Amino acid sequence: MTAQETAARSTSPVSAIRADRRRGRSRALRVSVVAALLLLVVAAVSLTLGAASVAPADVLAALVGRADRLTSFVIVELRLPRLIAGALVGACLGLSGALIQSVARNPLASPDIIGITAAASATGSVALVWFGLTGLALSGIVLAGTLVAAALIYLLAWRNGVSGYRFVLVGIGIAAFCGGLVSYVLTRADVSNVQQALVWITGSLNAVDPSALAVLAVGTVVLVPCALLVGRPLGALSLGDDLASGLGVRTERTRLAVVGVAVALAAIAVAVAGPVSFVAFLAAPIARRLVGRGSLALVPSALLGALILVVSDIVAQFAIPGVVLPVGVVTGIVGAPYLLWLLARTNRVGRGG
Amino acid sequence: MTSETMSPELSARGLSLAYEGRTVVDGLDLDIPAGRVTAIVGPNACGKSTLLRGLSRLLPPASGTVLLDGADIHGLPTKQVAQRLGLLPQTPTAPDGITVADLVSRGRYPHQGWFRRWTAEDDEAVAEAMTATGIADLADRAVDELSGGQRQRVWIAMALAQRTDILLLDEPTTFLDISHQLEVLDLLLDLNAARATTVVMVLHDLNLAARYAGHLIAMRAGSVVAAGDPTAVVTADLVRDVFGVESVVADDPVTGTPLVVPLGRHHTS
């Protein structure tokens with residue numbers, strides 16, 4: 001064997017490993033870029049749609065501040081905040097779902113199944129119906145209620161550490177309790193309040209409060225980098241607790257930090273739009289399937305969450321002429337069959353999620 | 001780095017381990033000989049896996065200490081321990097669709113900091129581990145498509161990529177057929193010979209333990225019954241004492257190590 005051949009043979013595993021890593025990265029990047037482009041296209045389309053249809057050129061003019069006053073008002077004051085709110089709420093929910101599902105190693109463990117968003121419904125309906133709160137005050141109360149419920153779920157699921165399965169079961173219990181509370185509040189309230197509360201509980205972008213939107217924007221900017229940072233040990237943690245501890249991961253501390261950031265993300269989202277169902281639940285599994293290779297797909301999950309929510313909101317606004325549905329109706333119709341499929345499949349595989 | 005001047009040593013002093021108040025390992029004193037292959041054997045539920053969890057700082061002691069290079073292992077930063085001591089638990093989980101190279105690369109976690117990116121050294125460590133375990137040509141294959149024996153080699157490669165002087169393995173041969181069992185044990189012996197890696201493994205099969213280990217620790221009900229060279233330690237008395245089984249101990253015709261032939265009710269010597 002010549003020296004050259006020896007050299008080639010000794011470097012070939014390294015190049016194979018590098019090539020494999022490159023493939024993984026480029027796949028994740030491709031999915032992210034495609035999702036981002038689709039989001040841009042959908043966003044552009046959504047700005048032209050509405051009671052007064054606006055030509056694409058006029059939309060552009062309005063965005064750079066060169067349109068007439070009416071067009072400017074429609075685009076910048078009405079449609080743009082709704083679009084931004086939708087994209088941010090979707091991104092936060094998608095990322096939140098990806099984080100909690102990977103920490104619990106269970107696709108059922110998304111904020112809308114394990115009682116995080118149910119807690120938002122409960123605090124929201126109490127605040128709306130009993131105390132008549134709206135806008136920023138409502139968002140604040142919902143944020144607080146969601147965080148308290150998450151802490152409660154974590155503490156109740158704690159027993160020498162938190163196992164994914166117990167986390168899901170305790171969460172479902174909390175969700176049932178919150179559901180009961182919502183029903184109680186609604187049956188005791190008068191009709192006009194119920195109407196308003198129901199729209200909010202379903203999850204809606206119909207009345208986004210500007211100051212709540214500002215809180216959401218700032219929260220997203222702060223929390224997304226946090227999520228990527230605390231999510232770094234998740235790759236090791238996904239190999240099992242024992243192995244991760246052996247690799248030097250502080251498993252409980254990591255779980256607590258990741259769940260904390262994920263709940264905060266879900267909370268700021270539902271505080272603005274109400275508990276939009278199934279976005280957190282759907283985005284991460286789709287992103288993971290697209291990226292493949294056991295990837296956590298955090299960024300693609302966020303982008304897909306945004307895409308799902310913006311598309312759903314367009315459908316909610318224009319599917320039935322003259323009726324603007326809450327966006328949660330659409331996400332619910334899309335998400336529920338996936339939940340059923342997942343439950344049926346889990347049962348067949350027999351690994352309990 | 002300092003392996004010539006200071007040999008790796010793992011030991012336990014008065015170590016008790018408990019699960020939810022139930023003591024499983026009781027007041028153990030133990031030295032793991034550096035640079036050798038140690039096997040821990042014993043009947044089911046004797047605490048051998050628990051001991052391994054204790055030695056690898058996964059389970060904090062109820063009392064006593066585990067010492068790594070003379071220092072309390074629980075007082076050391078966990079990432080620092082992970083650079084000295086690798087662990088392969090019994091049932092690790094591979095994420096769906098993960099590739100071999102990606103999984104082995106995760107063994108580099110303890111060498112990565114908040115700001116330190118992946119380096120050429122990491123690539124080399126991963127490549128070396130994959131070459132040593134004979135899986136270099138599987139780099140881009142999905143782990144869930146591999147056979148049980150190949151998969152176990154991938155996990156061992158992951159532990160090797162960690163580049164530690166000490167490697168603890170909990171029943172590395174379970175669920176493998178005999179040829180793959182031998183393959184895994186041969187591989188561990190190769191590693192020990194090539195780099196003087198200290199290997200500690202929990203094994204089910206007493207004969208394989210006697211053949212492959214240079215040092216044997218026999219446990220029963222949370223205590224060490226005997227420890228030492230298998231040739232000196234494995235006797236019919238010990239087998240009766242530890243497993244409650246009558247047996248004849250012969251010389252292995254190939255290696256000369258003790259070969260245990262258990263008797264049971266229908267056979268007598």
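**Close-up views of a predicted model**

**View 1. One helix of chain B has an exposed side and a buried side**. Asp237(B) and Arg240(B) are exposed (12 or fewer other C-beta atoms within 10 Å of the residue's own, C-beta atoms being placed from the backbone) on the other side of helix H9(B) from its buried residues. Those buried residues (20 or more such atoms) are Leu238(B), Val239(B) and Val242(B), in H9 (residues 236–243). They span an arc of only 100° around the axis and therefore lie on the same side of H9(B); the arc is that of the directions from the helix axis to the C-beta atoms. Gly244(B), with a positive phi near 70°, follows H9(B). The model is predicted: local features need pLDDT of at least 70 and side-chain atom pairs pLDDT 80 or more, while totals for chains, interfaces and linings use all residues. Residues are numbered from 1 along each chain as its sequence is written, and chains are lettered from A and ligands numbered from 1 in the order in which they are written.

**View 2. Six strands of chain B form an open, mixed sheet**. The order is S6-S7-S8-S3-S9-S10; strands are DSSP E runs of at least two residues and helices H or I runs of at least four, numbered from the N terminus. Strands pair if DSSP finds at least two bridges between them. S6 (85–88) and S10 (223–228) each have a single partner strand, so one side of each lacks a neighbour in the sheet. S6(B) and S7 (residues 166–170) run parallel, joined by four bridges, and Leu87(B) stands opposite Leu168(B).
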